[in-house]
Amino acid sequence: MQRIIFHVDVNNAFLSWTAVHMLEKGEKLDIRKIPSIIGGNEEDRHGIVLAKSPIAKRMGIKTATTIYEARKICKNLKVYPPEYDFYRKESDIMYEYLCQYTPVIERYSIDECFMDLTGTNYLYKDYLKLAYKIKDDIKNNFGFTVNVGIGENKLCAKMASDMEGPDMVHTLYKNEIECKMWHLPIENLFMVGKSTSSKLRSIGINTIGDLAVASPNRLEKYFKNNTMFLINSANGIDDSPVGRRKSKTESISISETLKYDVSDFDELKKVLFRQTEELARNLRDIHKYATGVCVMYKNSSFKSYSHGEKLNVPKNNSIELYKDVIRIFKNSFKGELIRNIGVRFYDLTSVRQVQINLFNDNKEEKESDVDLIVDDINKKFGSVSILPASLKLIGKSERHKKTK
DNA sequence: TCTGGGGTCCTAGGACCC
DNA sequence: TCTGGGGTCCTAGGACCC
């Protein structure tokens, strides 16, 4: 049976959503129509471009470059801060709206969904019409625009929605791959990033079409097991299912760029404590336990490190996890200046195993109970209501706000 | 004034066991 | 004391996505 997959992608999501929010609050200016970006706080060294308006894009401003660079390109650029809580709400609204069309839906990111409409032709006679309806409904009801891509698999649907925008519907069926996709530069292919594209270009493969007809033998040397994946992608071949992405290494993490580089162990410990506490609370919220703990950090030259350990017993107790985090960090930390630091809990499980310890007097049980009570209080009165007295924050005086 | 934050997946190499 | 090879698990690092 022919599969029918839609990919719905919010145009310049963060910027569009901020524009909607501003208009709702009575602002006259629509920032989608001027050279503007959403960017992090430069003083806190979070100063990169998170989203750009179409005009800013045409001027050559790219996502993830520094705001400083963006300003060099456009002198009168307007910069607005992100509003993640609002974005999450808008994302939920769109997701709920889309759910009415199919139960097989995957939230790929905060601003993208895949929908599997295979076998629904008795409901929807014309998929192109349906795509236009979805696009127009979202625009008229929620105030932001989307691109809808239609294809016979996720890859093609995604490549289709990446074509011209905003507020457009594109198809990329099998018989369109050659004429619509092959002329595109290799960087445009989904899952081809900087490293892969520079390798490909170095051997004379410059377009998706070049890759599509390349000999696997020739590429094997450079891309090993990834070779056929790349060639298949260039040919629009992909059989991955729409649905929740499953993986055995499911993980949650938190990290932050410090306001200034820090080499003092005690100061870094405080950051790690705050992060561990917050992440452990997230674990408890989703009723999971971590089987692996990892500390990752970047030094002032941006070299990154990650050090982790599998635990004997899955945990979600803040203090217990903090002990693991500090032990791991202590063993690897060489006293360098640290720019960015974070914690990851991985191999999450729903099953709790309590280690039998005759001499422990249920200490862990008691600590878990305390965690739950503290979580409860923090939920009621704000997330900083209860924190350990030792926790003096470095950098800004306010607590780093979790943004996503 | 260079370079955010949250994810997933893959791989090389080492440890360990049989 | 010297030693193969296969399998599995773990760790560190990197690539890619948004």
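**Close-up 1. Cysteines and the search for disulfides.** A disulfide is taken here as a pair of cysteine sulfur atoms within 2.5 Å, and by this rule the count in this predicted model comes to zero disulfides. Cys99 is in no disulfide, since the nearest cysteine sulfur, which belongs to Cys113, is 7.5 Å away. With a relative accessible area of 29%, Cys99 is partly exposed. Cys156 is likewise in no disulfide, and the nearest cysteine sulfur in its case is that of Cys179, at 12 Å. Cys156 counts as buried because its relative accessibility is 2%, the limit for a buried residue being under 20% relative accessible area.

**Close-up 2. Helix α6 and the cap at its N-terminal end.** Helix α6, which covers residues 154–161, is mostly covered, with eight of its eight residues buried. The buried residues of α6 include Cys156 from the previous view, together with Lys154, Leu155, Ala157, Lys158, Met159, Ala160 and Ser161. At the N-terminal end of α6, Asn153 acts as a cap, in that one of its side-chain oxygens lies 3.2 Å from the backbone nitrogen of Leu155. Lys158 of this helix is also listed among the closest residues to DNA strand C.

**Close-up 3. The protein surface around DNA strand C.** DNA strand C is surrounded by 19 residues, and the closest of them are Glu112, Lys158, Ser195, Thr196 and Gly308. Of the atoms of DNA strand C that come within 4 Å of the protein, 95% belong to sugar and phosphate. Divided by residue class, this surface holds six nonpolar, seven polar and six charged residues.

**Close-up 4. Individual polar contacts to DNA strand C, and the elements behind them.** A backbone N or O atom of Lys310 lies 3.2 Å from a phosphate oxygen of DNA strand C, and for Lys194 a backbone N or O atom lies 3.4 Å from a phosphate oxygen of that strand. Ser109 makes its contact through the side chain, a polar atom of which lies 3.3 Å from a sugar or linking oxygen of DNA strand C. The elements that give two or more residues to the surface near DNA strand C are β5 (105–109), α8 (194–202) and β11 (304–315). Among the elements, β11 provides the largest share of that surface, with six residues.

**Close-up 5. Strand β1 between two antiparallel partners.** Strand β1, made up of residues 5–10, is mostly covered, as six of its six residues are buried. In a regular strand the side chains alternate between the two faces of the sheet. In β1 both faces are covered, with Ile5, His7 and Asp9 buried on one side and Phe6, Val8 and Val10 buried on the other. One pairing of β1 is with strand β7 (residues 146–151), in the antiparallel sense and over six bridges. Within that pairing Asp9 stands opposite Asn147, while Val8 stands opposite Val148. A further antiparallel pairing, over five bridges, joins β1 to strand β6 (residues 112–116), where His7 stands opposite Phe114.

**Close-up 6. Strand β7 and its parallel partner.** Strand β7 is mostly covered, with six of its six residues buried. Val146, Val148 and Ile150 point one way from β7, whereas Asn147, Gly149 and Gly151 point the other way, and all of these residues are buried. In addition to its antiparallel pairing with β1, β7 is joined by four bridges to strand β8 (residues 169–172), and these two strands run parallel. In β8, Leu172 is the bridge partner of Gly151.

**Close-up 7. Helix α13 and the side chain of Asn317 at its start.** Asn317 has its place in the loop between β11 and α13, and it counts as buried because its relative accessibility is 4%. The side chain of Asn317 reaches the backbone nitrogen of Glu320 at 2.8 Å, and a polar atom of this side chain lies 3.1 Å from the backbone nitrogen of Ile319. Helix α13 itself has 15 residues, 318–332, which at 1.5 Å a residue should span 21 Å, and the end C-alpha atoms are 21 Å apart, so the model agrees with the expected span. The buried residues of α13 include Ser318, Glu320, Leu321, Tyr322 and Asp324, and also Val325, Ile326, Ile328, Phe329 and Ser332.

Methods: Residues are numbered from 1 along each chain as its sequence is written. Chains are lettered from A and ligands numbered from 1 in the order in which they are written. This is a predicted model: local features need pLDDT of at least 70, side-chain atom pairs count only at pLDDT 80 or more; totals for chains, interfaces and linings use all residues. Side-chain values use heavy atoms; hydrogens and water are left out. A residue is near a molecule or strand if one of its heavy atoms lies within 4 Å of it. A polar contact is a pair of N or O atoms within 3.5 Å; within protein, one must be able to donate a hydrogen and the other to accept it, and residues adjacent in sequence count only if both atoms are side-chain atoms. Ala, Val, Leu, Ile, Met, Phe, Trp, Tyr, Cys and Pro count as nonpolar, Asp, Glu, Lys and Arg as charged, and the others, Gly among them, as polar. Buried means under 20% relative accessible area, exposed over 50%, partly exposed in between (1.4 Å probe, protein chains only). Two strands pair if DSSP finds at least two bridges between them. The expected span of a helix is 1.5 Å times one less than its number of residues.
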